[in-house]
Amino acid sequence: MSLIWTIIIGFLAGVIAKFVMPGDNEPSGFILTTILGIVGAFVASYLGQALGWYRPGEGAGLIGAVVGAIIVLFVYGLIAGRQRRAI
């Protein structure tokens, strides 16, 4: 059940992160936003467990997932921006 909960929270986090940090280099579309949020939720869970904020097996909450999604969105923007300049 934890994996399903992480995916649901990740979807919501992806939508919120897109509203918080809009831009030209960010992915658009429902599927990419969902993937962004899910990856952000997993990043937040991993970092939170590594830093001792969450117990092993405990996932990040909505706020942590939004922060993780913003981090992933920022990194994606940096990578996409460099590829556009190179072309």
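pLDDT is the predictor's confidence in each residue, on a scale from 0 to 100. The structure treated in these exercises is a predicted model.

**Exercise 1. Confidence and fold**

Determine which element of the protein has the lowest mean pLDDT and which has the highest, and set this beside the overall secondary structure.

Solution. Begin with the secondary structure, which comes to three helices and zero strands, the elements running α-α-α from the N terminus on. Next take the protein as a whole, for which the mean pLDDT is 76, with 79% of the residues reaching 70 or more. Then go through the elements, among which α3 has the lowest mean pLDDT, at 76, while α2 has the highest, at 80. A caution belongs with this step: where pLDDT is low, the predicted coordinates should not be read in detail.

**Exercise 2. The largest nonpolar core**

Identify the residues that make up the largest nonpolar core, and name the helices that each supply at least two of them.

Solution. The core has seven residues in all, namely I9, A13, A17, A41, A65, V66 and A69. Two helices, α1 (2-20) and α3, each supply at least two residues of this core. Now look at one member, V66, which, once its neighbours within four places in sequence are left aside, is in contact with A13, I16 and A17. For the wider setting, buried residues make up 33% of the 87 residues in the protein, and of the contacts between residues at least 6 apart in sequence, 67% join residues at least 24 apart.

**Exercise 3. Three valines between buried and exposed**

Classify V39, V43 and V67 by relative accessible area, and give for each a C-alpha separation to a residue elsewhere in the chain.

Solution. The cut-offs needed are that a residue is buried under 20% relative accessible area and exposed over 50%, with partly exposed in between.

- V39 lies in helix α2, and it is partly exposed because its relative accessible area is 36%; its C-alpha atom is separated by 9.9 Å from that of A13, 26 residues apart along the chain.
- V43 also lies in helix α2, and its relative accessible area of 25% is why it is partly exposed; the C-alpha atoms of V43 and A65, 22 residues apart along the chain, are separated by 7.8 Å.
- V67 lies in helix α3, and it counts as partly exposed because its relative accessibility is 45%; between the C-alpha atoms of V67 and A13, which are 54 residues apart along the chain, the separation is 8.2 Å.

**Exercise 4. A nonpolar patch on the surface**

List the residues of the nonpolar patch, find which helix gives the most to it, and examine L78.

Solution. First, the patch on the surface is formed by Y46, L47, L51, W53, I63, V67, I71, F74, V75, L78 and I79, which together have about 1200 Å² of accessible area. Second, α2 (30-51) and α3 (62-86) each supply at least two residues of the patch, and α3 gives the most, with seven residues. Third, L78 has its place in helix α3, and L78 is partly exposed because its relative accessible area is 42%; the cut-off for patch residues is over 30% relative accessible area, so this value passes it. Finally, as background for the patch, the accessible surface of the protein comes to about 5800 Å², of which 72% belongs to carbon and sulfur atoms.

Methods. Residues numbered from 1 in each chain as written. Predicted model: local features only at pLDDT ≥ 70, side-chain atom pairs only at ≥ 80, totals over all residues. Heavy atoms only, no water. Patch = residues over 30% accessible without salt bridge, like charges linked within 9 Å, V, L, I, M, F, W, Y side chains within 5 Å. Areas by Shrake-Rupley, 256 points an atom, 1.4 Å probe, with all protein chains shown as cover. Salt bridge = Lys/Arg side-chain N within 4 Å of Asp/Glu carboxyl O. Helix = DSSP H or I, 4+ residues; strand = E, 2+ residues; numbered from the N terminus. Buried < 20%, exposed > 50% of the residue type's maximum accessible area, 1.4 Å probe, protein only. Contact = heavy atoms within 4.5 Å. Core = buried A, V, L, I, M, F, W, Y, C linked by side-chain atoms within 4.5 Å.
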